[in-house]
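Dear colleague,

Please find below the structure that I am handing over to you, together with its sequence. My notes on what was found follow directly after it.

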Amino acid sequence: MASGFKRVDEDRERGLDHGAWVPLMLMYPEADIPVCQLSVQSKRDGNYHYNLGKALAPLKDEGVLIMGSGSATHNLRALRMVDGIVPWALEFDTWLKDALLQGRYEDVNCYQEKAPHAKMAHPWPDHFYPLHVAMGAAGENAKAKLIHHSWQLGSLSYASYQFNSAS
């Protein structure tokens, strides 16, 4: 609330979404860590989620891992069994990589206006906003690093980034 967010609602009945449990089961197969999942707000924008990450940033000092799980491109209706990568997906993915590695986080926050093929790459933002939360939690001077990159079905990019706080 001190960061300007009006309230937080807790749902103790809902289980973890696949975006949380899939990476966590690979990272922590014994499932022996506490997990708190954050829901994205699809009707909000990238700046809202970036600021949400900034509000969560102090938790890092308490040993909390803040992770965003989604997809660099996520248009399930465009998936095809093709050789290679469709041009619109490659252009968006390349734009995202360049923006992140160059520290252009404000451009990423405004991706719908700045990125090529933004609506095609993300018809709905729910698989992209976790990136904004992670960016915000890392801090505006954090450095992004590409730690994994692969493709599936012609247009689904699994580009993964790590953010390191600037020294």
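Does Cys-110 count as buried or exposed? In this model, which is predicted, Cys-110 has a relative accessibility of 18% and therefore counts as buried, the cut-off being under 20%. Cys-36, by contrast, counts as exposed because its relative accessibility is 75%. A search of the whole structure returned zero disulfides.

The surroundings of Leu-100 are described next. Leu-100 belongs to helix H3, which covers residues 87-101. Its relative accessibility is 0%, so Leu-100 counts as buried. Beyond its neighbours within four places in sequence, Leu-100 is in contact with Tyr-105, Val-108, Leu-131, Met-135, Ala-144, Tyr-161 and Phe-163. For one of these partners, Met-135, the separation from Leu-100 is 35 residues in sequence and 9.1 Å in space, C-alpha to C-alpha.

Among the contacts of Leu-100 are Tyr-161 and Phe-163, and both of these residues lie in strand E4 (residues 160-164). The side chains of E4 alternate: those of Tyr-161 and Phe-163 point to one face and are buried, whereas those of Ser-160, Gln-162 and Asn-164 point to the other face and are not buried. E4 pairs with strand E1 (residues 143-148) in the antiparallel sense, over five bridges. Within this pairing, Phe-163 of E4 is the bridge partner of Ala-144, and Ala-144 is also among the residues that Leu-100 contacts.

A further buried position is Thr-73. Thr-73 is located in the loop between helix H2 (46-56) and H3, and it counts as buried because its relative accessibility is 0%. The side chain of Thr-73 reaches the backbone oxygen of Ser-155 at 2.5 Å. Leaving out residues up to four places away in sequence, Thr-73 touches Ala-89, Phe-92, Ala-121, His-122, Trp-151, Ser-155, Leu-156 and Ser-157.

His-122, one of the residues touched by Thr-73, is also touched by His-127. His-127 sits in the loop between helix H6 (118-121) and helix H7 (129-138). Which residues does His-127 touch, not counting those up to four places away in sequence? They are His-18, Gly-70, Ser-71, His-74 and His-122. With His-74 there is, in addition, a polar contact between the two side chains, at 3.5 Å.

With kind regards

Terms used: Residues numbered from 1 in each chain as written. Predicted model: local features only at pLDDT ≥ 70, side-chain atom pairs only at ≥ 80, totals over all residues. Heavy atoms only, no water. Helix = DSSP H or I, 4+ residues; strand = E, 2+ residues; numbered from the N terminus. Buried < 20%, exposed > 50% of the residue type's maximum accessible area, 1.4 Å probe, protein only. Contact = heavy atoms within 4.5 Å. Polar contact = N/O pair within 3.5 Å; in protein donor to acceptor, adjacent residues only side chain to side chain. Pairing = 2+ DSSP bridges. Disulfide = S-S within 2.5 Å.
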